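Please open the structure in your viewer and keep the sequence beside it, so that each selection can be followed in both. The tour moves from one residue to the wider chain, and then on to pairs of side chains and a patch on the surface.

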Amino acid sequence: MSDETFWKNREPSIPVTISRDTLTSQLVNLQNAGLNSIKTIGGKAANFAELQKVAGIKVPEGSLAIPFYYYEQHMKVSVINFERYIYNLFAKWSNRSQPKSYLHRPDVF
């Protein structure tokens, strides 16, 4: 069996949607976080928070996590700036005054 067939056979039939908290905008102190914080800070940061609770594992003191709120804000600005860049590039090299926007993503805004 090829690698492609192996992974194709294990692909979920319905897409997995991960819910996230995009309302929390304060940095999260990892001493107060854990696996219950996955929706706010993601799996890596939540697992790192859990490591702090295990005796003998040294982690940096005062560790903080950036919540999904800031990722979402960054993506909104990045998409807008990218569309603006493409528009200006298109306008510079084309006789057409306005390009068709293939980049507009209403689900992001």
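Begin by selecting T24, which sits in the loop that runs between α1 (3–9) and β1 (28–29); keep in mind throughout that this is a predicted model. Colour T24 by accessibility and you will find that it counts as partly exposed, because its relative accessibility is 26%, and a residue is called buried under 20% and exposed over 50%.

With T24 still selected, add D21, and look for the polar contact of 2.4 Å that joins the side chains of these two residues. Next, show T40, P67 and Y69, with which T24 is in contact when its neighbours within four places in sequence are left aside. As a last step here, select I41, which is 17 residues away from T24 in sequence, while the C-alpha atoms of the two are 9.3 Å apart in space.

Now clear the selection and show the chain as a cartoon, in which four helices and two strands can be found. Following the cartoon along the sequence, you will pass through these elements in the pattern α-β-α-α-β-α. The chain has 109 residues, of which 17% count as buried. If you display contacts with a separation of 6 or more, 46% of them are between residues 24 or more positions apart. Switching to a surface view, you are looking at about 9,200 Å² that the chain exposes, with carbon and sulfur atoms supplying 56% of it.

The next stop is the aromatic rings, where two aromatic pairs are held by the structure. Select F6 and W7 to see one of them: the ring centres are 4.9 Å apart and the planes stand at 85°, so this pair is edge-to-face. F6 is partly exposed, with a relative accessible area of 30%, whereas W7, at 57%, is exposed. Then select Y69 and Y70, whose ring centres are 5.0 Å apart and whose planes are at 90°, so that this pair, too, is edge-to-face. Y69, which you have already met as a contact of T24, is partly exposed with a relative accessible area of 26%, and Y70 counts as partly exposed at 38%.

From rings, turn to charges. Side chains of opposite charge can pair when their charged atoms come close, and this structure holds two salt bridges. Select E11 and K8 for one of these, where the side chains meet at 3.8 Å, taken from N to O; here E11 is partly exposed, with a relative accessible area of 49%, and K8 is exposed, with 55%. Select E50 and K53 for another, in which the side chains meet at 3.4 Å, again from N to O. E50 is partly exposed at a relative accessible area of 25%, while K53 is exposed at 52%.

To finish, return to the surface view and select F82, Y85, I86, L89 and W93, which form a nonpolar patch on the surface with about 560 Å² of accessible area together. Within this patch, pick out W93, which lies in helix α4 (residues 68–93); W93 counts as exposed, because its relative accessibility is 67%.

Terms used. Residues numbered from 1 in each chain as written. Predicted model: local features only at pLDDT ≥ 70, side-chain atom pairs only at ≥ 80, totals over all residues. Heavy atoms only, no water. Buried < 20%, exposed > 50% of the residue type's maximum accessible area, 1.4 Å probe, protein only. Contact = heavy atoms within 4.5 Å. Polar contact = N/O pair within 3.5 Å; in protein donor to acceptor, adjacent residues only side chain to side chain. Patch = residues over 30% accessible without salt bridge, like charges linked within 9 Å, V, L, I, M, F, W, Y side chains within 5 Å. Areas by Shrake-Rupley, 256 points an atom, 1.4 Å probe, with all protein chains shown as cover. Salt bridge = Lys/Arg side-chain N within 4 Å of Asp/Glu carboxyl O. Phe/Tyr/Trp six-rings, centres within 6.5 Å; stacked < 30°, edge-to-face > 60°.
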